[in-house]
Amino acid sequence: MNSLRNLLGAGLLVGAGAASAGASAVTVSVTFVQPETFTDAGRSPGRATQRELAALQKDLQQHLQRLADRKLAASDSLQVEVLDIDLAGDFQPLRWASFSDVRVVRDIASPRITLRYTAMLGDRVVTGPEEQLSNMNFLSSHNHYSSGDRLRYEKPMLDTWFAKQFGKP
């Protein structure tokens, strides 16, 4: 009986994966403009490495893709240019060299992202102005993202911006 249940469950998962793979998704692209000038985009003090920037760009693109897939039509597209990033928290000088790359998150170091966007919504082109997203209450507001998510404090800020621009996802 258990093996039959497991087999049926696996079949449902495969079917769901095939259905979602066949569905066309919104095209979302995230571009970093002059990332060498970003305020704070790395996992260690100083400038972010190319590897860190690539991972950050991928994480932002995946998150915006999920938001767009929920709200926008499959024929729509969204292009986001990230002009600056200041991740939540900052690096405090510590006496121990092994702890020099520890990000300390306190309410005085809120996350900020400066961006502009262009959306193709059906036959309409919507170009947004340069916007600076920030969340001064990021530690006291509800956050449903995992504590292990490296963009835990930036994602709710992007959720709010997306809902404001394109309706609640």
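How many of the 169 residues of the protein count as buried? The share is 35%, and the views below come from a predicted model.

**View 1. The whole protein, element by element.** You can pick out three helices and seven strands here. Start at the N terminus and follow the chain: the elements go α-β-α-β-β-β-β-β-β-α. Among contacts in the protein with a separation of 6 or more, 69% join residues that sit 24 or more positions apart. As for the outside, the protein exposes about 10500 Å², and 54% of that comes from carbon and sulfur atoms.

**View 2. Tyr117 meets Trp161.** The protein has six aromatic pairs. In the pair shown here, the ring centres of Tyr117 and Trp161 are 5.4 Å apart and the planes sit at 80°, so we call it edge-to-face; the cut-off for that label is over 60 degrees. Tyr117 belongs to strand E5 (residues 112–121) and Trp161 to helix H3 (residues 154–166), so this pair ties together parts that are 44 residues apart in sequence. Are these two buried or exposed? Tyr117 is buried, at 5% relative accessible area, and Trp161 is buried too, at 3%.

**View 3. Trp161 and Phe162.** Stay with Trp161 and look at its pairing with Phe162: the ring centres are 6.3 Å apart and the planes are at 70°, so this pair is edge-to-face. Phe162 is buried, and its relative accessible area is 0%.

**View 4. The aromatic cluster.** Which residues join up with Tyr117 in one aromatic cluster? They are Trp161, Phe162 and Phe166.

Definitions and conventions. Residues numbered from 1 in each chain as written. Predicted model: local features only at pLDDT ≥ 70, side-chain atom pairs only at ≥ 80, totals over all residues. Heavy atoms only, no water. Phe/Tyr/Trp six-rings, centres within 6.5 Å; stacked < 30°, edge-to-face > 60°. Helix = DSSP H or I, 4+ residues; strand = E, 2+ residues; numbered from the N terminus. Buried < 20%, exposed > 50% of the residue type's maximum accessible area, 1.4 Å probe, protein only. Contact = heavy atoms within 4.5 Å. Areas by Shrake-Rupley, 256 points an atom, 1.4 Å probe, with all protein chains shown as cover.
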